[in-house]
Amino acid sequence: MIIKNGKTIHLQGKNISYVIFENDEGDLLHFHFGKKLADRDYSLMTSEWAEEWGFATNEVPLDVYAQEYPSYGHSDLRNPSYQIINKYGNAVSQMKVTEYKIHHGTTADVCGMPCLFKGSQSADTLEVILYDSAVDFEVHLYYTVFDEYDIIARNALLVNKSDTPIEIMSAYSASLDLPIGDYDMIHFAGAWGREREMIRTPLQLGVKVEAENARGGSGHQMNPFAMICSRDADETHGEVYGLSLIYSGNHSTAAKIDQFGGLRVLQGINPFCFKWDLKQNKSFYTPQSVICYSGEGFGKMSREYHDVYRNNLMRSEFTKKPRPILINNWEGTYFDFTEEKLLSMAKRAKEAGIELFVLDDGWFGKRNNDRSSLGDWTVNTEKLPSGIDGLAKKINDIGLKFGLWFEPEMISPDSELYRKHPNWAVKVNERNPVEIRHQLILDLSRDEVCDYVINAVSNILKTANIEYVKWDMNRQMTDMMRGGYNHEYTLGYYKVMSAITEAFPNVLFEGCSAGGGRFDSGVLAYMPQIWTSDNSDAVSRLKIQYSTSMCYPVYSISSHVTASPNHQVGRITALKARGDVAYMGTFGYELDITKASNTEFEEIKQQIEFEKQIRPLMCDGDLYRLQNLYEGNYCSWEIISKDKKQVFVFASRVLAVAQSKNPRLKLQGLDYGKQYRDTQTGEIYGGDFLMHRGIKINYKTEDFATEVRLLEMC
């Protein structure tokens with residue numbers, strides 16, 4: 001709901017208020033973002049917002065005011081939300097309010113980029129138009145609020161109304177000025193195989209903390225999601241502000257406390273190496289930033305993001321459907337496979353209860369290693385004499401669905417495509433391009449290249465019964481030929497994904513970028529699940545999946561059971577532990593199942609049977625993180641159905657400790673007065689008992705011990 005009261009605009013969500021107002025000078029100021037307030041004209045409460053400090057004597061000194069989209073250089077010298085070089089050659093700007101518009105629904109246009117849609121929820125969008133008359137420059141700010149959520153979705157439109165070009169140096173999607181307080185910033189950093197580690201940093205006076213990535217995609221090194229929280233915040237207590245950017249390119253979330261103790265947080269496209277020439281009467285859109293407020297810790301914030309992304313971002317028809325249990329041949333065979341080998345794996349997988357067989361890299365061109373053929377999307381009939389269509393039919397005849405791996409954004413220098421179109425690769429003319437994994441990147445800023453990718457993938461999907469696609473991108477972006485190129489590329493990527501996913505709505509798409517290098521909400525708009533990390537070790541995945549779930553829905557987290565010793569870290573773990581960890585997400589296998597012993601095979605069958613019981617929970621259940629591995633030796637989580645009738649519990653102890661009792665595990669979110677039965681033991685517990693007394697977990701005396709429970713309301 002959006003209410004205009006005098007000079008105050010009040011956005012009300014389920015439990016939140018976002019209040020802005022215009023002062024007498026026409027500046028757009030920020031008043032409140034947090035727990036819901038009653039409606040009134042807060043601009044009249046001058047004593048609550050007017051400031052005495054500042055260097056400007058002839059006007060409002062904006063350097064000390066909370067603002068909605070602050071500029072730099074006139075009367076505010078803090079970090080700006082945008083920066084342009086105007087027709088006079090300077091970067092000074094000052095925006096004044098000219099108009100307000102209230103739209104029903106989610107009308108914010110982000111010009112070829114994914115954003116939230118209304119769906120079945122009630123939503124309204126505020127549009128505020130700001131204008132700098134000195135340089136004839138306009139900014140439209142968009143705020144979308146839902147009655148059912150505690151989120152505000154923000155983005156901006158920059159318009160050059162002058163008769164000369166303007167150079168955009170930075171354009172953030174959202175700026176949030178928060179009052180004086182003790183804050184921490186939590187961001188999610190890492191590397192390949194170690195994605196999204198949860199890093200908590202106290203924010204201090206004068207120190208800028210920027211969580212940013214400039215490597216071409218959203219990145220292994222930094223995720224486009226961050227949190228600002230009170231020092232005492234944890235899973236169930238404290239104030240938390242989440243900021244999630246719906247974007248798959250170079251990004252930045254920056255926080256800095258000013259000289260008076262106020263905090264400014266900015267989120268949007270990374271300004272590093274960014275430049276955009278804005279011609280006369282042309283516009284530039286920023287991606288959408290989804291900001292969430294929770295007064296009850298991280299857990300409540302996570303559940304808000306999970307719901308809004310499942311209901312109002314993810315467009316795939318598979319979003320809320322139980323996904324097929326798959327087996328991928330990659331770690332089972334790598335490039336060394338034959339049709340006969342694949343069929344033997346598929347037959348054994350079918351016997352175990354697996355539902356989908358996925359053929360990974362190596363099926364096209366002359367691809368027997370990673371040195372050739374990317375871009376040549378024609379089947380290698382020496383390996384697959386029946387072709388993709390014939391193999392798919394044979395897999396289907398066994399009783400499994402068939403899926404296929406692609407890396408369509410890449411090109412190998414040793415490929416027919418490169419020999420025909422060397423200018424289609426991303427490179428600068430005066431240098432030899434950098435090869436990573438012996439491959440270059442196709443220039444998706446060019447329409448003809450996007451069209452080639454769309455047609456090449458579509459031609460394969462049309463010729464065979466392919467029901468799943470794993471879409472990979474295995475390298476970072478170097479040799480960008482101009483400032484702002486990464487944004488051009490990202491727009492091309494979205495153009496390709498829109499065309500292909502709309503043309504093949506019955507195909508389940510999974511995102512991948514050397515594992516978790518492009519795990520972001522922009523990808524989720526097209527693909528309902530993402531390969532979370534190439535590191536599939538069960539112990540490593542505890543942290544990876546735990547921290548990924550802070551923002552992203554459980555069922556978007558692809559989690560597979562792989563071989564032991566693990567191929568990435570060499571750790572030996574029990575098949576039970578690998579399966580128990582993998583239940584949290586879209587469950588599957590990535591190993592040579594024909595090599596499983598009879599005992600292992602029977603255990604795999606039991607895992608699959610259990611997964612089929614719990615996967616409806618993973619679709620749209622509520623997640624509660626119960627024990628934090630970042631703070632100790634235990635990690636546990638709980639997923640409960642919306643009607644509170646079914647509960648999945650996972651518990652783990654990483655290292656065995658001699659002469660030590662395990663803490664009882666207290667559940668959350670249950671129906672206090674109802675009874676719950678453990679489906680494995682038959683034990684019956686009261687909801688009150690499970691939440692306030694908790695259950696005892698009897699771990700085996702071994703490292704990497706895990707337990708799972710499925711409880712159902714009696």
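I count two strands as paired if DSSP finds at least two bridges between them. The model I am reading is predicted, and my notes run by topic.

**Entry 1: the barrel**

I started with the closed barrel. How many strands does the closed barrel have, and in what order do they run? I found eight strands, in the order S21-S22-S23-S26-S27-S28-S29-S30. The pairing in this barrel is parallel. From one strand to the next, the twist averages 30 degrees.

I then picked out one pair in the barrel. Strand S23 covers residues 401-406, and strand S26 covers residues 468-471. These two strands run parallel and are joined by four bridges. I also checked which residue faces Trp-405. Opposite Trp-405 stands Lys-470, in S26.

**Entry 2: helices on the barrel strands**

Next I looked for helices that pack here. Helix H8, residues 485-503, lies across S26 and strand S27 (508-511). I read the angle between H8 and S26 as about 175 degrees. By the cut-off of over 145 degrees, such an angle counts as roughly antiparallel.

Helix H12, residues 598-620, also packs on the sheet. Which strands does H12 touch? I noted strand S29 (557-562) and strand S30 (586-590). The directions of H12 and S30 make about 160 degrees.

**Entry 3: H4 against H12**

I stayed with H12 and turned to helix H4, residues 339-352. The axes of H4 and H12 come within 9 Å. They cross at roughly 60 degrees. That crossing angle is why I enter H4 as oblique to H12.

I listed the residues that make this contact. H4 gives Arg-348, Glu-351 and Ala-352. H12 gives Asn-598, Phe-601, Ile-604, Lys-605 and Ile-608. I sorted the contact by class and got four nonpolar, one polar and three charged residues.

**Entry 4: the open sheet**

I moved to the N-terminal strands. An open sheet of four strands has the order S1-S2-S3-S4. Its pairing is antiparallel. Which strands are at the edges? I found strand S1 (2-5) and S4, each of which pairs on one side only. The twist in this sheet averages 15 degrees from one strand to the next.

I looked more closely at strand S3, residues 16-22. S3 pairs with S4 over seven bridges, in the antiparallel sense. Across from Phe-21 I found Leu-29, in S4.

**Entry 5: the largest pocket**

S4 came up again when I checked pockets. The largest pocket has a volume of about 680 Å³. I counted 29 lining residues. Nearest the centre of this pocket lie Glu-51, Ala-66, Leu-178, Pro-179 and Ile-180.

Which elements give two or more residues to this lining? I noted strand S4 (28-35), helix H1 (46-49), strand S10 (166-178) and strand S14 (222-230). The largest share comes from S4, with six residues. By class, I entered the pocket lining as 17 nonpolar, five polar and seven charged residues.

**Entry 6: cavities**

I then looked for enclosed space. The count came to seven cavities of 30 Å³ or more. The largest cavity has a volume of about 140 Å³. I found 14 residues lining the largest cavity. Closest to its centre are Leu-62, Gln-67, Tyr-69, Ser-71 and Met-95. The lining of the largest cavity divides into six nonpolar, six polar and two charged residues.

I did the second largest cavity too. About 90 Å³ of space lies in it. I found 13 residues lining the second largest cavity. The closest to its centre are Gly-217, Arg-475, Gln-476, Ser-513 and Gly-517. What classes make up the lining of the second largest cavity? I got two nonpolar, nine polar and two charged residues.

**Entry 7: backbone checks**

I ended with the backbone. Ser-564 and Pro-565 are joined by a cis peptide bond, with omega about 5 degrees. I placed Pro-565 in the loop between S29 and helix H11 (575-582).

I also flagged Cys-111. Cys-111 is not a glycine, although its phi is positive, at about 50 degrees. I placed Cys-111 in the loop between strand S6 (96-104) and strand S7 (123-132).

Technical notes: Residues are numbered from 1 along each chain as its sequence is written. This is a predicted model: local features need pLDDT of at least 70, side-chain atom pairs count only at pLDDT 80 or more; totals for chains, interfaces and linings use all residues. Side-chain values use heavy atoms; hydrogens and water are left out. On a 1 Å grid over the protein atoms alone, a cavity is a set of points where a 1.4 Å probe fits but cannot get out, and a pocket is an open set with protein on both sides within 12 Å along at least five of seven lines; lining residues have an atom within 4 Å of a point. Grid points are joined across faces, edges and corners, and a volume is the space filled by probe spheres set on the points. Ala, Val, Leu, Ile, Met, Phe, Trp, Tyr, Cys and Pro count as nonpolar, Asp, Glu, Lys and Arg as charged, and the others, Gly among them, as polar. Axes are lines fitted to C-alpha atoms, for helices over the stretch in contact, and angles run from 0 to 180 degrees between N-to-C directions. Contact means heavy atoms within 4.5 Å. Angles under 35 degrees count as roughly parallel, over 145 as roughly antiparallel, 65 to 115 as roughly perpendicular and the rest as oblique.
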